[in-house]
Amino acid sequence: IDRIDIITGPGSVIYGEYAYAGVISVKTRKDMNRIYGSYDSNRISETDGGNDRYHAGGMLTYTSQNQDFRVNLNVAGWESDRSDTESGKDRLSSLGFEGASGSINDAMESRLLNLTLDYKDFSLSGQYALNGRGDYFGFLYFLPPEDEDKILQTHEHWAVEGKQQIELSNLLRIGLTGGWRRYKNELTRSVAIPSDLYPPYGAVGGSGYAEREIYGGAELIC
């Protein structure tokens, strides 16, 4: 990250429908080439064990000699295994069930891709982001089965945007913008709750949510 700009207050007129409380603009670095990676095995305690963490990524920048063409690629990813830290008792224990305790699922993963292509007055950008985690202490504070150690909650985001500047005169130009966005949120699990509880809790099932957006606009610049 090169810098982070924060604009407080509503800004939907300029920045779109999601800017009703403020805008956070993250500027990534675009003038370096590098590859990096790391591995860390973090041991919590003698009884809880540890969680392995992996991190890797790279940056690529190219600019033509005449400055007409430029490409920037930023890729990163990391993941962390569950630490199996003991959580103590969950809500079932308060209802008379023994053994309602276990280890937390704090596994996490993250993926990021940011691509920008510039050619003269045209710009094309694309982003992909994925964040996932385990259920940590269990959904609604009921611990999951012992073998439930996978990534359960994921948030995924895709975006592509193109921009074109058209000069009408020395004092007047038009800016055209068009893009596509996709967002998906998933909770892929199903946990049965003992049916003889009072009040009955039944079961909790997996769910998902997704939305897509196509947008465009024009701006007259004097």
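Which residue forms a salt bridge with E109, and how far apart are the closest N and O atoms? The exercises below, the opening one included, concern a predicted model.

**Exercise 1. Salt bridges**

Identify the partner of E109, then place the pair among the salt bridges of the model.

Solution.
- Step 1. The partner of E109 is R111, and the closest N and O atoms are 3.8 Å apart.
- Step 2. The cut-off for a salt bridge is a side-chain nitrogen of Lys or Arg within 4 Å of a carboxyl oxygen of Asp or Glu, so the separation of 3.8 Å qualifies.
- Step 3. R111 has a relative accessible area of 29% and is partly exposed, whereas E109 counts as buried at 18%.
- Step 4. The count of salt bridges comes to six. Among them is the bridge between D5 and R3, at 3.3 Å from N to O. D5 is partly exposed with a relative accessible area of 28%, and R3 is partly exposed with 43%.
- Step 5. Another of the bridges links E161 to K163, with the closest N and O atoms 3.9 Å apart. E161 counts as partly exposed at 22% relative accessibility, and K163 counts as partly exposed at 43%.
- Step 6. E79, E109 and R111 are joined into one network by salt bridges that share partners.

**Exercise 2. A buried arginine**

Decide what the charge of R182 is paired with: which side chain of opposite charge is nearest, and how far away is it?

Solution.
- Step 1. R182 sits in strand β11, which covers residues 173–187.
- Step 2. R182 is buried, and its nearest side chain of opposite charge is E156, 4.3 Å away.
- Step 3. A salt bridge requires the nitrogen and the oxygen to be within 4 Å; R182 has no salt bridge.
- Step 4. Beyond the residues up to four places away in sequence, R182 touches E156, H157, W158, E211 and R212. One of these contacts, W158, returns in the next exercise.

**Exercise 3. Aromatic pairs**

Classify the ring pairs Y62 with F69 and Y128 with W158 from their geometry, and state where Y128 and W158 lie.

Solution.
- Step 1. The model holds three aromatic pairs. In one of them, the ring centres of Y62 and F69 are 6.3 Å apart and the planes stand at 55°, so this pair is tilted.
- Step 2. Y62 counts as partly exposed at 45% relative accessibility, and F69 is partly exposed with a relative accessible area of 32%.
- Step 3. For Y128 and W158 the centres are 4.3 Å apart and the planes stand at 45°, so this pair is tilted.
- Step 4. Y128 lies in strand β9 (residues 122–133) and W158 in strand β10 (residues 153–167), so the pair ties together parts that are 30 residues apart in sequence.
- Step 5. Y128 is buried, with a relative accessible area of 17%, while W158 counts as partly exposed at 36%.

**Exercise 4. A nonpolar surface patch**

List the residues that make the nonpolar patch, and name the strands that each supply at least two of them.

Solution.
- Step 1. I1, I4, I6, I24 and V26 make a nonpolar surface patch of about 540 Å².
- Step 2. At least two residues of this patch come from each of β1 (3–8) and β2 (22–27).
- Step 3. I4 belongs to strand β1. The relative accessible area of I4 is 48%, and I4 is partly exposed.

**Exercise 5. Two residues and their surroundings**

For D81 and T116, give the location, the burial class and the contacts beyond four places in sequence.

Solution.
- Step 1. D81 is in the loop between β5 (69–80) and β6 (86–89), and counts as partly exposed at 31% relative accessibility.
- Step 2. With neighbours within four places in sequence left aside, D81 contacts N51, D52, Y54, D106 and A107.
- Step 3. D81 and I151 are 70 residues apart along the chain, and their C-alpha atoms are separated by 9.6 Å.
- Step 4. T116 is in strand β8 (residues 108–119). T116 is buried, with a relative accessible area of 10%.
- Step 5. Under the same exclusion of neighbours within four places, T116 contacts K30, R70, V71, N72, S123, L124 and S125.

Definitions and conventions
Residues are numbered from 1 along each chain as its sequence is written. This is a predicted model: local features need pLDDT of at least 70, side-chain atom pairs count only at pLDDT 80 or more; totals for chains, interfaces and linings use all residues. Side-chain values use heavy atoms; hydrogens and water are left out. Rings of Phe, Tyr and Trp (its six-membered ring) pair if their centres lie within 6.5 Å; planes under 30 degrees apart count as stacked, over 60 as edge-to-face and the rest as tilted. Buried means under 20% relative accessible area, exposed over 50%, partly exposed in between (1.4 Å probe, protein chains only). Patches are made of residues with over 30% relative accessible area and no salt bridge: like charges are joined within 9 Å, nonpolar side chains (Val, Leu, Ile, Met, Phe, Trp, Tyr) within 5 Å. Accessible areas come from the Shrake-Rupley method with a 1.4 Å probe; for residues, only the protein chains shown count as cover. Contact means heavy atoms within 4.5 Å. Lys and Arg count as positive and Asp and Glu as negative; His and the chain ends are not counted.
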